[in-house]
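Here are my notes on the helix packing and one pocket. Please read them with the structure open.

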Amino acid sequence: MNERLGKLIGPGTTAVGLAEIVIAGIAALIGIAAVHTLTSWIAGPQAAIFMVGSMGAAAVLLFAVPHGALSQPWPVFGGQVASAVIGVAAAQWIADPGLAAGLAVGGAIAAMQALRCIHPPGGATALIAVIGGPAVHELNYGYVLLPVLANTAIIFLVAVAANYPFPWRRYPIGLAHWDEPPAPPLTSQHLQAAVRDLNVVVDITPAELDAIARSAIAHATQDNSPLQVPIGERYVHAEKGESVTIHKRIDETEESQGRGRITLNVVGKQNAGDSRD
């Protein structure tokens, strides 16, 4: 029962330490305070209530999930601007508020998917353009520049500054650097192709996916457990002082057509002497 319930509700998010929580919280505090101040000055306190709702969602992504694919600059700026344009158009051209709101959010989602800049807060930005009241409606397409683009720029700059001092987190993800553990028997192109085969949006960047695969292989080679891979073109990385034992097994059945598996056993330095037997 517990296993079935776990599958239904899905896995939890990644566990983080206290330092990560404090950094994200303080950065969000600064970013949202700046956004609220700017929006209140431009469109009044009432409009600021709606606009900060959209930027609050963006703050969760940029400060709590800075390495996520949906948090990167193109999704952030492209998603917000495209959503704002569609939201204003819906508010201007459709009289019925309910229909305008639905088309604004639906159109924003479609545009972000087509432009490959999905950013969840964009849905709120499009919706605010419709339900934000006279103060927002009077801005017309100026809403795209002020407050949307200006607020997006503020939250982006705060995210860059807040993440930069800490080696384990960088924003944008292009500023991050990972150590190069043993290379996996897969290339980055293989991993990205596998993600495309899923045909759903995966909130992880190609660089992070490659780093995870490399790290997983590194852990696999450190626990001295055999690693089985299909026979074919593969390579194994072993540090100086380590030994690699390769066992090859060919299936004997007619259906196998010579296929089989290779078992790789990487022995660490401390056990290298044992591998000679």
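1. Start with the handedness of one pair: H3 passes H8 in a right-handed crossing. Keep in mind that this is a predicted model. The axes of H3 and H8 come within 10 Å and cross at roughly 25°. Angles under 35 degrees count as roughly parallel, so H3 and H8 are roughly parallel to each other.

2. Which residues make the contact of H3 with H8? From H3 come Met51, Met55, Ala59, Leu62 and Phe63. On the H8 side they meet Tyr143, Pro147, Val148, Asn151, Thr152, Ile155, Phe156, Val158, Ala159 and Asn163. By class, this contact of H3 with H8 holds 12 nonpolar residues, three polar and no charged.

3. H8 also packs on H4. Helix H4 spans residues 73–93 and helix H8 spans residues 142–163. Their axes lie 10 Å apart, at an angle of about 160°. Angles over 145 degrees count as roughly antiparallel, and therefore H4 is roughly antiparallel to H8. The crossing of H4 and H8 is right-handed.

4. The H4 side of that contact consists of Pro73, Val76, Phe77, Gln80, Val81, Ala84, Val85 and Val88. They meet Tyr143, Val144, Val148, Leu149, Thr152, Ala153 and Phe156 in H8. The contact of H4 with H8 divides into 13 nonpolar residues, two polar and no charged. Compare the two lists for H8: Tyr143, Val148, Thr152 and Phe156 meet H3, and Tyr143, Val148, Thr152 and Phe156 also meet H4.

5. H3 has another partner, H6. Helix H3 covers residues 45–64 and helix H6 covers residues 121–131. The pair packs at an angle of about 180°, with axes 9 Å apart. That makes H3 roughly antiparallel to H6. H3 contributes Phe50, Met51, Ser54, Ala57, Ala58 and Leu61. H6 contributes Pro121, Ala124, Thr125, Ile128 and Ile131. Nine of the residues in the contact of H3 with H6 are nonpolar, two are polar and none is charged. Met51 of H3 is in this contact, and Met51 also meets H8.

6. Now the second largest pocket. How much space lies in it? About 360 Å³. The second largest pocket is lined by 14 residues. Thr14, Val16, Glu20, Ala64 and Val65 lie nearest its centre.

7. What classes of residue make up that lining? The lining of the second largest pocket divides into six nonpolar, four polar and four charged residues. Set that beside the helix contacts: no charged residue is counted in the contact of H3 with H8, in that of H4 with H8, or in that of H3 with H6.

Note on methods
Residues numbered from 1 in each chain as written. Predicted model: local features only at pLDDT ≥ 70, side-chain atom pairs only at ≥ 80, totals over all residues. Heavy atoms only, no water. 1 Å grid on protein atoms, 1.4 Å probe; cavity = no way out; pocket = protein on both sides within 12 Å on 5 of 7 lines; lining within 4 Å. Points joined across faces, edges and corners; volume = space filled by probe spheres on them. Nonpolar A, V, L, I, M, F, W, Y, C, P; charged D, E, K, R; others polar. Axes fitted to C-alpha atoms, helices over the stretch in contact; angles between N-to-C directions. Helix = DSSP H or I, 4+ residues; strand = E, 2+ residues; numbered from the N terminus. Parallel < 35°, antiparallel > 145°, perpendicular 65-115°, else oblique. Left-handed = near helix turned anticlockwise from the far one by under 90°. Contact = heavy atoms within 4.5 Å.
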